[in-house]
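Got your viewer open and a cartoon view loaded? Let's walk through this one stop at a time, selecting as we go.

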Amino acid sequence: RDPSRRITFEAFFGHPFIDMEHMPGAHCFQKAIEMVKKAVQKDAEGDYALAAHFYCESLDFFLPAIQFESDSGKKAAIRSKIQQYLDRVEYLKKIIESAWQSLNKEKGLGGRVTVD
């Protein structure tokens with residue numbers, strides 16, 4: 001165990017496996033709300049791909065917010081919202097996939113394009 005071969009503090013906290021941005025804390029809920037607002041705006045504008053992205057991004061903040069929240073009523077409300085946003089993302093994926101398939105048929109490309 002050579003101390004000179006150890007990872008530095010900066011390298012440790014800069015590593016992609018250490019996700020300090022999504023660490024449970026009071027900021028998570030506020031950040032999730034910001035992402036949902038962006039998602040709703042893009043959804044209303046018809047930019048479904050970007051809306052789905054922002055909904056998914058909001059979930060990355062809602063999930064740690066549940067761990068941070070101690071009130072069981074608020075936890076249940078957050079879980080309910082998470083489910084609503086998951087359902088919306090799945091619906092948007094279907095719309096996007098359908099649009100891609102239509103576009104491929106129009107251009108004669110054939111094949112199936114999926115959206116992850």
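Start with the whole chain: its secondary structure comes to four helices and zero strands, and from the N terminus the elements run α-α-α-α. Helices here are DSSP runs of H or I with at least four residues, strands are E runs of at least two, and both are numbered from the N terminus. Before you click further, note that this is a predicted model, where local features need pLDDT of at least 70 and side-chain atom pairs count only at pLDDT 80 or more, while totals for chains, interfaces and linings use all residues. Residues are numbered from 1 along each chain as its sequence is written, and side-chain values use heavy atoms, with hydrogens and water left out.

Switch on the surface. The chain exposes about 8,400 Å², with 55% of that supplied by carbon and sulfur atoms (Shrake-Rupley method, 1.4 Å probe; for residues, only the protein chains shown count as cover).

**Stop one: α2 and α3**

Select residues 26-45 for α2 and 48-68 for α3. The axes of α2 and α3 come within 7 Å and cross at roughly 160°, which makes the pair roughly antiparallel (angles over 145 degrees count as that, under 35 as roughly parallel, 65 to 115 as roughly perpendicular and the rest as oblique). Axes are lines fitted to C-alpha atoms, for helices over the stretch in contact, with angles from 0 to 180 degrees between N-to-C directions. Show side chains at the contact (heavy atoms within 4.5 Å): α2 contributes Phe-29, Met-35 and Val-40, among others, and α3 residues including Phe-54, Phe-61 and Phe-68.

**Stop two: α3 and α4**

Keep α3 and add α4, residues 72-107. These two pack at an angle of about 155° with axes 9 Å apart, so they are roughly antiparallel to each other. On the α3 side, look for Leu-59, Leu-63 and Ile-66, among others; on the α4 side, the contact residues include Ile-78, Ile-82 and Val-89.

**Stop three: Asp-43**

Now pick Asp-43, in helix α2. Is Asp-43 buried or exposed? Asp-43 counts as buried because its relative accessibility is 11%; buried means under 20% relative accessible area, exposed over 50% and partly exposed in between (1.4 Å probe, protein chains only). Which residues does Asp-43 touch, not counting those up to four places away in sequence? Light up Tyr-48, Ala-51, Tyr-55, Arg-88 and Leu-92.

Finally, zoom back out and colour by burial: buried residues make up 24% of the 116 in the chain.
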